[in-house]
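Dear colleague,

Please find below the structure that I am handing over to you. I would be grateful if you could keep it open while you read the notes that come after it.

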Amino acid sequence: PVKEVFTEGRREGMVVQGRVRSLTEFGAFVEIASGIDGLLHVTDMSWQRVDKPASLLTVGQSIETKILKINRESRKISLGLKQLQPDPWTQTIATLEKGQRVKGKVVRLADFGAFVEIAPGVDGLIHLSEMSWTKRIRKPSDILKVDELVEAVVLEIKPADKRISLGLKQALGNPWDDVDTRFAPGTKVEVPVMNLAQFGAFVDLGD
């Protein structure tokens with residue numbers, strides 16, 4: 001039968017040698033046998049974000065891939081390239097702890113926060129509320145920009161969801177932590193008046 005010929009000698013999990021036959025916006029078609037192509041989707045090319053398949057592969061290139069799925073009914077084969085490399089997420093969280101300081105690059109801004117790449121293929125989220133102790137941040141771009149290098153503190157790790165919560169303000173230090181030494185009773189300070197009320201005046205002590 002045609003189905004058996006199509007899958008003969010091939011099974012899910014097998015590593016096969018192939019040749020890139022064509023590239024598209026969503027992936028690459030790889031010829032793994034005469035007349036048989038498999039689809040290597042862009043999300044299965046690398047653990048890191050790949051914007052365009054052409055930035056990683058070229059037509060005619062010989063590559064080794066892993067068979068992820070075989071659909072005998074539709075005669076389609078899904079291939080993976082990143083699956084031949086260790087998952088950076090597993091490697092990263094093995095050494096990551098809550099409260100640890102990490103450095104990374106801002107890779108994406110969203111309305112609710114900024115995504116920071118702390119290891120190849122591993123992003124953490126700095127939520128809007130974790131960006132400043134004193135400033136009211138309306139959008140991440142108020143203080144961060146893409147490709148900026150930042151230092152943050154790990155607030156939470158959720159291995160099952162592959163989520164890491166980061167804090168930017170925690171890395172800078174809470175200005176209230178040393179307020180008793182900076183502004184001990186009797187200390188003289190020169191400060192601007194910010195607001196007047198019937199019961200007194202609000203002044204800015206900084207931070």
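The notes below describe the findings, grouped by topic.

Please bear in mind throughout that this is a predicted model.

**Nonpolar cores**

The largest nonpolar core contains 20 residues. Within this core, the residues with the most contacts are Val 116, Ile 118, Ile 126, Met 131, Ile 164 and Leu 166. Five strands each give two or more residues to the core, namely β6 (101-110), β7 (113-119), β8 (122-127), β9 (149-158) and β10 (163-167). Of these elements, β7 provides the largest share, with 4 residues.

Val 116 is a useful residue to select on your screen. Leaving aside residues up to four places away in sequence, Val 116 touches Gly 104, Lys 105, Val 106, Val 122, Asp 123, Gly 124, Ile 126, Val 150 and Leu 166. Apart from this core there is a second, separate one of 18 residues, which includes Leu 40, Ile 63, Ile 67 and Leu 81.

**The largest pocket**

Which strands supply the lining of the largest pocket? At least two lining residues come from each of β6, β7, β8, β9 and β10. Strand β8 makes the largest contribution to this lining, with 4 residues. In total, 24 residues line the pocket, and Arg 49, Phe 115, Val 122, Asp 123 and Gly 124 lie nearest its centre. The volume of the pocket is about 560 Å³.

Two of the topics meet here: Val 122, Asp 123 and Gly 124 are among the residues that Val 116 touches, and they are also among those nearest the centre of the largest pocket.

**Salt bridges**

The model has 7 salt bridges. Three of them are described here.

- Arg 101 and Glu 151 form a salt bridge through their side chains, with a distance of 3.5 Å from N to O. This pair links distant parts of the chain, since Arg 101 belongs to strand β6 and Glu 151 to strand β9, 50 residues apart. Arg 101 counts as partly exposed because its relative accessibility is 45%, and Glu 151 is partly exposed at 33%.
- Lys 169 and Glu 130 form a salt bridge through their side chains, with 3.9 Å from N to O. Lys 169 is in helix α3 (residues 169-172) and Glu 130 is in the loop between β8 and β9, so the bridge ties together parts that are 39 residues apart in sequence. Is Lys 169 buried or exposed? Its relative accessibility is 12%, and buried means under 20%, so Lys 169 counts as buried.
- Asp 142 and Lys 139 form a salt bridge in which the closest N and O atoms are 3.2 Å apart. Asp 142 is partly exposed, with a relative accessible area of 40%, and Lys 139 is partly exposed as well, with 45%.

**A hairpin in the open**

Finally, please look at strand β11 (residues 193-197) and strand β12 (residues 200-203). These strands form a hairpin with 2 residues between them. They run antiparallel and are joined by 4 bridges. In this pairing, Leu 196 of β11 stands opposite Ala 201 in β12.

Why does β11 lie largely in the open? The strand has 5 residues and the number buried is 0, so β11 lies largely in the open.

Yours sincerely,

A colleague

Definitions and conventions
Residues are numbered from 1 along each chain as its sequence is written. This is a predicted model: local features need pLDDT of at least 70, side-chain atom pairs count only at pLDDT 80 or more; totals for chains, interfaces and linings use all residues. Side-chain values use heavy atoms; hydrogens and water are left out. Buried means under 20% relative accessible area, exposed over 50%, partly exposed in between (1.4 Å probe, protein chains only). Two strands pair if DSSP finds at least two bridges between them. A nonpolar core is a set of buried Ala, Val, Leu, Ile, Met, Phe, Trp, Tyr and Cys residues joined through side-chain atoms within 4.5 Å. Contact means heavy atoms within 4.5 Å. A salt bridge is a side-chain nitrogen of Lys or Arg within 4 Å of a carboxyl oxygen of Asp or Glu. On a 1 Å grid over the protein atoms alone, a cavity is a set of points where a 1.4 Å probe fits but cannot get out, and a pocket is an open set with protein on both sides within 12 Å along at least five of seven lines; lining residues have an atom within 4 Å of a point. Grid points are joined across faces, edges and corners, and a volume is the space filled by probe spheres set on the points.
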